[in-house]
Amino acid sequence: MDLEPMDRWTDRVPGPLLKDSTHARFSTRSGFERDEAARSYRQPPVPIAEMSSDVGPVASTRLDEVRLCLCEKLILQAHASGRPGCHNEVGRDVKQFRTQTPEKEPGSPSRPTKLPPNPVEYEKEVYQKGLQFARPPFTFQTGLWEPHAKERMSAESKGYVAGNAGTGETSLKNREAFARWSIVPRRLVKTKSLPDLSTKVLGQKFPFPIAVAPVGVQRIFNPQGEIASAAAAAKSMTPYIMSTASSTSIEEVAKANGDGVRWFQLYWPTNENNNITLSILSRAKKAGFSALFVTLDTYILGWRPSDMDNGYNPFLRSDQIGVAIGFTDPVFRKQFKQKYGVEIEDDMHTAAAEWTQTVFPSLSHGWEDLEFIKQHWDGPIILKGIQTVEDAQKCVEMGVQGIVVSNHGGRQVDGGVSSLGVLPRIVDAVGDKLDIFFDSGIRAGADIAKAMALGARMCLIGRPYVYGLALGGENGVGHVLNSLLGDMQLTLHLAGIPSADPAHLNRSVLEREDRL
Ligand SMILES: Cc1cc2nc3c(=O)[nH]c(=O)nc-3n(C[C@H](O)[C@H](O)[C@H](O)COP(=O)(O)O)c2cc1C
């Protein structure tokens, strides 16, 4: 991975994104001081990818560096003489735990062609490197991703990602709902391999049951923004859902995602702007986005006190951060010129406001408007933001292929129901008629397992990967995705659940904690 060292890229963070001068000082310090920080797992001195290279382990102190040099020398000598060294041992273990190549579904695209990484390998790598006194650059404690990332972010970026609607009650309930369900482990379940995490959605088999949730304006968290997360998603073999509010163009994200699976999330302009909708859809299609997620809960941004306290709306700024898709759209550009008589570049402020109004028009569409989307999108359509049985049934009537049971992480409606809380009843009503995706509150492998056991077929990871992005760009996002999967795989394994298939991972593995 060609991630630039932290201390170089932080120099180029636009002014308001830097936390403060302390942050700048911290991020440019080097040597012993930085090693001290790395020891507490806080600042990544070297991307984790380097840990898995043949030589080049991470040093956490200078003494360790000396030991590592000696260790490297021994390993190299072992390699040269054909004797088994530490790395050969790692190799043997890795082979032992590899999952099988996923069978190709008839009619499915040729990807994934790569052997899916076995999530538990990630843990094994860390322990192996630990034998050589190396320490991982990012913490594995999922609850620390947010506070660690917050240390690196400006007040504006921090407020934007961690903020919620109103009092934050919905977000809190999202988390509390997970603790109401408990996994009941079974014993002496004879197993021949680690649990297979594959799942089937939209008529295709995927090696893992997670996707990267659509998140806008990612360059406010890391200058590499969507490029980093789209690349990390491809490497972790998880679908990347690109937001209409991205700070990078559709075409650039597609390039960064390479041969990964990518889906497009639409913030839906009003019918008066159907020509712009058509333009976005056709660009997405051309760029290889194979499914369309239409977000229904955000025709206007929620009442978000953390952003208001900072006077910060990332979309209204003329820094092109939240408006990249509009500014690169030929139809929007033409329309802007006709209306204002100037190019976007001549009045970025007005152009940003105009694009923001286009994709967050303040007023909602009606069900009947979906016909237009169905006519003009050749591929699966998934409606994001469903929280009731009635709406889920309406989605079935409309003939869409999937829904995301989501409350946008509690960022839109305060005092709302928890997303996990409403999942079972929605699954019971429509689970056999369309694919159910789930998000809002997933923070650990066990959370994914619970949502799947309650009937979701795939979970979207939101804030956790944004924190990974802030902490370490592509490597940080990869770390979060791989950690969640490794955690999930071991959780299933130790609970005697042989796979993520509904035949094994279903409500029978859960117990309501209040009934115990
Ligand atoms: C900073 C941020 C930006 C987001 N941007 C979008 C977006 O552009 N489009 C969208 O459909 N959802 C967006 N979401 C919502 C996520 O897709 C997802 O529903 C949510 O993050 C799930 O909640 P959780 O992160 O608390 O688990 C955003 C969420 C966050 C935190």
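**Figure 1. Both faces of strand β6 are covered in this predicted model.** Strand β6 spans residues 262-266. On one side of β6 lie Arg 262, Phe 264 and Leu 266, and on the other side lie Trp 263 and Gln 265; all of these are buried. The count for the strand is accordingly 5 buried residues of 5, and β6 is described as mostly covered.

**Figure 2. Strands β5 and β6 run parallel.** Strand β5 comprises residues 240-242, and 3 bridges join β5 to β6. One residue pair may serve as a guide to the view: Tyr 240 has Arg 262 in β6 as its bridge partner. Arg 262 also belongs to the side of β6 that carries Phe 264 and Leu 266. Helix α11, residues 250-257, forms a right-handed β-α-β unit together with β5 and β6.

**Figure 3. Strand β6 also pairs with strand β7 in the parallel sense.** The pairing of β6 and β7 extends over 3 bridges. Phe 264 has Leu 292 of β7 as its bridge partner, and Leu 266 has Val 294 of β7. Between the two strands, the chain passes from β6 through helix α12, residues 274-286, to β7, and this β-α-β crossover is right-handed.

**Figure 4. The residues of strand β7 point in two directions and are all buried.** Strand β7 covers residues 292-295. Leu 292 and Val 294 point one way, whereas Phe 293 and Thr 295 point the other way. Strand β7 further pairs with strand β8, residues 381-386, in the parallel sense over 4 bridges. Within this pairing, the bridge partner of Phe 293 is Ile 382 in β8.

**Figure 5. Helix α20 is mostly covered.** Helix α20 runs over residues 445-453, and 9 of its 9 residues are buried. Among them are Ala 446, Ile 448, Ala 449 and Met 452, as well as Asp 447 and Lys 450. An α-helix has 3.6 residues a turn, so residues three or four places apart point the same way. Just after α20, Gly 455 adopts a positive phi of about 120 degrees.

**Figure 6. A shell of 23 residues surrounds the ligand.** The closest residues are Gly 216, Ser 243, Gly 409, Gly 462 and Arg 463. Two helices, α8 (155-162) and α21 (463-494), each supply at least two residues of this shell. By character, the shell residues divide into 9 nonpolar, 10 polar and 4 charged.

**Figure 7. The whole protein contains 21 helices and 12 strands.** Of its 516 residues, 48% are buried. Among contacts between residues at least 6 apart in sequence, 72% join residues at least 24 apart. The mean pLDDT of this predicted protein is 83, and 78% of its residues reach 70 or more. Over residues 1-113, however, pLDDT stays under 50; for this stretch the model has 139 contacts beyond four places in sequence.

Terms used:
Residues numbered from 1 in each chain as written. Predicted model: local features only at pLDDT ≥ 70, side-chain atom pairs only at ≥ 80, totals over all residues. Buried ≥ 20, exposed ≤ 12 C-beta atoms within 10 Å, placed from the backbone. Pairing = 2+ DSSP bridges. Right-handed = clockwise from strand over helix to strand, strands pointing away. Near = placed C-beta within 6 Å. Nonpolar A, V, L, I, M, F, W, Y, C, P; charged D, E, K, R; others polar. Contact = placed C-beta atoms within 7 Å. pLDDT = per-residue confidence, 0-100.
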